[in-house]
Amino acid sequence: VGTTVVRALETAALSGRLEATSGPTDLFITPGFRFRVVDRLITNFHMPRSSLVVMVAAFMGPRWRRTYEIALEREYRFLSFGDAMLADRAEAT
């Protein structure tokens with residue numbers, strides 16, 4: 001799923017169970033967040049220091065840095081019309 005769906009699903013699972021809900025979410029996912037539902041992410045390469053890079057770092061763990069280094073080395077395109085990646089969630093610690 002993409003970043004918006006990650007926030008929606010993880011908000012719906014904050015109680016420990018995935019529950020139907022409606023309305024906005026203010027969930028800001030940062031490193032240390034315990035993902036309950038999502039185990040894969042499809043997303044573009046995001047700009048440094050953006051909230052979406054923070055979410056990718058939380059999701060992938062330290063591997064995100066090397067992934068972005070490779071993207072830069074290979075001249076992948078960033079932002080909305082850029083290249084995308086399929087990322088697996090870091091193992092829970």
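## A partly exposed arginine in helix 3

Let's start with Arg-66: its relative accessibility is 41%, so it counts as partly exposed. Keep in mind that everything here comes from a predicted model. Arg-66 has a salt-bridge partner in Glu-69, with the closest N and O atoms 3.1 Å apart. The two sit 3 residues apart in helix 3, so about one helical turn separates them. Glu-69 also counts as partly exposed, because its relative accessibility is 40%.

There's a third member to add: Arg-66, Glu-69 and Glu-73 are linked in a network of salt bridges.

## Two sides of helix 3

Helix 3 covers residues 63-73, and its buried residues are Trp-64, Tyr-68 and Ala-71. These residues lie on the same side of the helix, because they span an arc of only 55° around the axis. What sits over them? The cover includes strand 1 (40-44), helix 2 (51-60) and strand 2 (84-88).

Flip to the other side of helix 3 and you'll find Arg-65 and Glu-73, both exposed. Glu-73 is the residue that also joins Arg-66 and Glu-69 in the salt-bridge network. Just after the helix, Glu-75 takes a positive phi of about 60°, a spot to look at if you're checking backbone torsions.

## A bridge between the strands

How many salt bridges turn up in a search of the whole structure? The search finds 4. One of them joins Asp-88 and Arg-40, whose closest N and O atoms are 2.5 Å apart. This pair ties together distant parts of the chain, with Asp-88 in strand 2 and Arg-40 in strand 1, 48 residues apart.

Are the two ends buried or partly exposed? Asp-88 has a relative accessibility of 36%, so it counts as partly exposed. Arg-40 lands in that class too, because its relative accessible area is 44%. Strand 1 and strand 2, the homes of these two residues, are also among the elements that cover the buried residues of helix 3.

## One more pair

Arg-77 forms a salt bridge with Asp-83, and here the closest N and O atoms are 3.1 Å apart. On the acid side, Asp-83 has a relative accessibility of 22%, so it counts as partly exposed. The cut-off matters for this residue, because buried means under 20% relative accessible area.

Terms used
Residues are numbered from 1 along each chain as its sequence is written. This is a predicted model: local features need pLDDT of at least 70, side-chain atom pairs count only at pLDDT 80 or more; totals for chains, interfaces and linings use all residues. Side-chain values use heavy atoms; hydrogens and water are left out. Buried means under 20% relative accessible area, exposed over 50%, partly exposed in between (1.4 Å probe, protein chains only). Helices (H or I, at least four residues) and strands (E, at least two) are DSSP runs, numbered from the N terminus. The arc is that of the directions from the helix axis to the C-beta atoms. Contact means heavy atoms within 4.5 Å. A salt bridge is a side-chain nitrogen of Lys or Arg within 4 Å of a carboxyl oxygen of Asp or Glu.
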